[in-house]
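Q: Hi! Could you walk me through this one with me? I'd like to start with the aromatic side chains.

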Amino acid sequence: MIQLRDIYKIYRAGELETPVLRGITAEIERGELVALMGASGSGKTTLMNILGCLDRPTSGEYWFENEEISRLSSDQRAELRSRRIGFVFQSFNLLPRTTALENVLMPVTYSTAATEREARARAERLLERVGLKDRMTFHPSKLSGGMQQRVAIARSLINGPSLLLADEPTGALDTKTSQEILAMIKQLNEEDALTVVIVTHDPGVAAHARRIIRISDGRIVNGDQPPQPSQPTLEGVAR
């Protein structure tokens with residue numbers, strides 16, 4: 001589904017060059033649940049932005065569903081992003097003055113894939129699926145952090161994406177709620193064959209993935225195949 005070939009990302013300010021990604025080559029198969037793991041400053045967020053079509057590499061090739069993405073225009077990347085990629089963020093990014101249902105419907109504004117009636121019915125089904133059937137008319141301030149993240153997950157799915165990018169999705173949640181959110185993401189991966197990339201610095205979160213891609217100083221380093229989340233160690237080798 002995803003092929004990264006010798007991806008470099010260099011930020012320039014005048015004559016100053018700051019290399020962030022240094023020759024990233026990796027593949028992610030359709031239906032995988034992958035953790036992209038690295039410390040702050042490792043380049044994982046920059047790589048996620050490229051995967052999500054929010055940024056483009058300085059050089060190298062990014063193939064997504066047999067389409068070369070890195071050479072697309074900003075408008076073309078925005079269209080692809082709205083139709084085929086869902087995002088879940090640590091800070092939820094919900095609109096405070098709109099209901100849960102309206103927040104889920106927000107991405108439909110940028111898509112013509114469904115009528116208003118169809119979109120609303122889908123949004124209601126998604127909120128019911130994430131356990132918020134009785135909270136659709138609630139504003140974010142009336143929802144717990146876990147509930148807000150459930151709304152964000154439902155919103156990420158409204159346009160039927162084939163890839164879900166979750167950036168530190170449990171970073172603002174307590175341990176119990178974090179486990180619930182990770183279980184939900186895992187269920188979406190297993191039941192819907194949704195390809196999921198979780199960006200994290202936390203080994204406990206990464207342990208829920210089937211494969212870990214470790215990044216350090218802008219390069220992929222040897223990674224681990226995680227055991228069951230209940231086990232404290234990580235074993236195996238990632239691509």
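Q: Is Phe-87 buried or exposed?
A: Phe-87 is buried, at a relative accessible area of 13%. Keep in mind that this is a predicted model.

Q: And what about Phe-89, what does that count as?
A: Phe-89 counts as partly exposed, because its relative accessibility is 24% and buried means under 20%.

Q: How many aromatic pairs are there in the whole structure?
A: A search turns up 2 aromatic pairs. One of them joins Tyr-62 and Phe-64, with 6.4 Å centre to centre and 45° between the planes, a tilted arrangement.

Q: Are those two rings buried or exposed?
A: Tyr-62 is buried at 1% relative accessible area, and Phe-64 is buried at 0%.

Q: Why are Phe-87 and Phe-89 called stacked?
A: Their planes are at 0°, so the pair is stacked; the ring centres are 5.8 Å apart.

Q: Switching to the backbone: what order do the strands take in the sheet?
A: The order is β2-β1-β4-β5, an open sheet of 4 strands with antiparallel pairing.

Q: Which strands stand at the edges?
A: β2 (16-28) and β5 (67-68) do. Each has a single partner strand, so one side of each is left without a neighbour in the sheet.

Q: Over how many bridges do β1 and β4 pair?
A: Over 5 bridges, in the antiparallel sense, between β1 (residues 2-13) and β4 (residues 59-64). Among the residues involved, Tyr-8 has Ser-59 in β4 as its bridge partner.

Q: Last one: where does helix α1 lie?
A: Helix α1 (residues 44-51) lies across β1, β2 and β4, and runs at about 115° to β1.

Notes. Residues are numbered from 1 along each chain as its sequence is written. This is a predicted model: local features need pLDDT of at least 70, side-chain atom pairs count only at pLDDT 80 or more; totals for chains, interfaces and linings use all residues. Side-chain values use heavy atoms; hydrogens and water are left out. Rings of Phe, Tyr and Trp (its six-membered ring) pair if their centres lie within 6.5 Å; planes under 30 degrees apart count as stacked, over 60 as edge-to-face and the rest as tilted. Buried means under 20% relative accessible area, exposed over 50%, partly exposed in between (1.4 Å probe, protein chains only). Two strands pair if DSSP finds at least two bridges between them. Helices (H or I, at least four residues) and strands (E, at least two) are DSSP runs, numbered from the N terminus. Contact means heavy atoms within 4.5 Å. Axes are lines fitted to C-alpha atoms, for helices over the stretch in contact, and angles run from 0 to 180 degrees between N-to-C directions.
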